[in-house]
Amino acid sequence: MPDAPLYERVAFIGLGLIAGSMAHAMRRGGLVGETVGTARSADTRDVAREIGLVDRVVDSAAEAVEGADLVVLAVPVGAMGGVAEEIGPKLAPGATVTDVGSVKRAVIEAVGPHIPEGVHFIPAHPLAGTEHSGPRSGFATLFDNRFTLIVPSEGSDRDAVGRLETLWQGMGAHTEEMDADHHDLVLAVTSHTPHLIAYTMVGVADDLRRVTDSEVIKYSAAGFRDFTRIAASDPTMWRDVFLHNKDATLEILGRFTEELFALQRAIRTGDGDQLFDYFTHTREIRRGIIEAGQDTDAPDFGRAKTK
Ligand code: NAP
């Protein structure tokens, strides 16, 4: 717990999985003074009030940011620009505005023009999430031992960047700084394209009338079950990710298609060596992820039996 709060008042715009988890983690660590939040719908605001997600829930983004020294934009990527336009004139001098969007270049272009002189805009992206969304889905440990990428620009104030990194570390995360375009390419490989593949695979199974719905559900243990979990992710969030990380996703998807054709050919021609070598290589990548502490090697796809 820090001697003094890192920020006196934090305003969350959007009260879903990520904002909720941040609010819980900030509370756990005693990291900040007051937390204030708002969401688009009255339903979400009511739930947030009921469960005490933040100290104070208000009805508009403009009201939420009044007097805040940290503003967190935690709405879908496509909504960031509109929110920034609304809050821009209300931001306190010296405040920091950050976001948690899964895409960085498009958010910087949408939000940047609305940030007034004297306010720090420091984009960020926690590499942690679940397939759940909404104000009840957050939990304090979401960011523990996960990376949060901080995406400052060349002119960013180093003290403001350092303070934001300290906050993320207090919430359990490791932090690293990264350039926006590189971020978008890395995430296209590690997150965005895999999500698209999962959506497609589940869609394909749904189309296969030779496999009945009940069979898909009953026999889904081997692999398909993990695809269904990913494909249950929030449709608005993921629509926006693909619309706003178009180039990098299309580039990786092109590479994916080439590899898929190569494996398809190996199966057709009975090239077992190629398949074996390929799968040996992918198994090594999995080992690397476990060695880096980013997943466990527990069997059953890493799921605890109690979940
Ligand atoms: P979420 O649980 O669906 O919450 C989104 C919040 O944004 C809700 O409170 C929603 O309000 C509000 N909102 C939606 N559209 C809005 C609009 N047009 N104007 C104002 N508020 C609006 O989403 P989340 O998972 O926390 O995601 C938030 C951000 O984090 C996204 O940019 C996403 O890319 C990023 N992110 C997500 C994950 C993940 O795994 N989920 C991981 C890392 C980063 P209502 O409830 O009233 O609609």
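**Exercise 1. The strand 5 and strand 6 pairing**

Find which residue in strand 6 is the bridge partner of Val97.

*Solution.* Start at Val97 and look across to strand 6: the bridge partner there is Phe121. Keep in mind as you work that this is a predicted model. Next, follow the two strands themselves: strand 5 covers residues 96-99 and pairs with strand 6 in the parallel sense, over two bridges. Now zoom out to the open sheet, where six strands line up in the order 3-2-1-4-5-6 with parallel pairing. Its edges are strand 3 (56-57) and strand 6 (120-121), each of which pairs on one side only.

**Exercise 2. From strand 7 to strand 9**

Trace how strand 8 pairs with strand 7 and with strand 9, and say in which sense each pair runs.

*Solution.* Begin with strand 7 and strand 8 (residues 147-150), which are antiparallel and share three bridges. As a landmark, find His125, which stands opposite Leu149 in strand 8. Then turn to strand 9 (residues 174-177): strand 8 and strand 9 run parallel and are joined by four bridges. Here Ile150 has Glu177 of strand 9 as its bridge partner. Finally, follow the chain from strand 8 through helix 6 (residues 158-170) into strand 9; this β-α-β crossover is right-handed.

**Exercise 3. An aromatic pair**

Classify the aromatic pair formed by Phe143 and Trp168 as stacked, tilted or edge-to-face.

*Solution.* The structure has three aromatic pairs by the ring-centre rule. For Phe143 and Trp168, the centres are 5.0 Å apart and the planes make an angle of 90°. Planes over 60 degrees apart count as edge-to-face, so that is the class of this pair. Now place the two residues: Phe143 sits in the loop between strand 7 and strand 8, while Trp168 belongs to helix 6. With their positions 25 residues apart in the numbering, the pair links distant parts of the chain.

**Exercise 4. The ligand and its shell**

Describe the shell around the ligand by class, then find side chains that make polar contacts with ligand oxygen atoms.

*Solution.* Take the shell first: the ligand has 26 residues around it, and Leu15, Ser41, Thr44, Val75 and Ser102 come nearest. By class, 14 are nonpolar, 11 are polar and one is charged. Helix 1 (17-29) and strand 7 (124-126) each contribute at least two residues to this shell.

Next, check the distances to ligand oxygen atoms:

- Arg40: a polar side-chain atom lies 2.8 Å away.
- Ser41: a side-chain N or O atom is 2.6 Å away.
- Ser102: a side-chain N or O atom is 2.6 Å away.

To finish, consider cover: the ligand taken alone exposes 910 Å², and the protein buries 85% of that.

How values were computed. Residues are numbered from 1 along each chain as its sequence is written. This is a predicted model: local features need pLDDT of at least 70, side-chain atom pairs count only at pLDDT 80 or more; totals for chains, interfaces and linings use all residues. Side-chain values use heavy atoms; hydrogens and water are left out. A residue is near a molecule or strand if one of its heavy atoms lies within 4 Å of it. A polar contact is a pair of N or O atoms within 3.5 Å; within protein, one must be able to donate a hydrogen and the other to accept it, and residues adjacent in sequence count only if both atoms are side-chain atoms. Accessible areas come from the Shrake-Rupley method with a 1.4 Å probe; for residues, only the protein chains shown count as cover. Ala, Val, Leu, Ile, Met, Phe, Trp, Tyr, Cys and Pro count as nonpolar, Asp, Glu, Lys and Arg as charged, and the others, Gly among them, as polar. Two strands pair if DSSP finds at least two bridges between them. A crossover is right-handed if, with the strands pointing away from the viewer, the path from the first strand over the helix to the second runs clockwise. Rings of Phe, Tyr and Trp (its six-membered ring) pair if their centres lie within 6.5 Å; planes under 30 degrees apart count as stacked, over 60 as edge-to-face and the rest as tilted.
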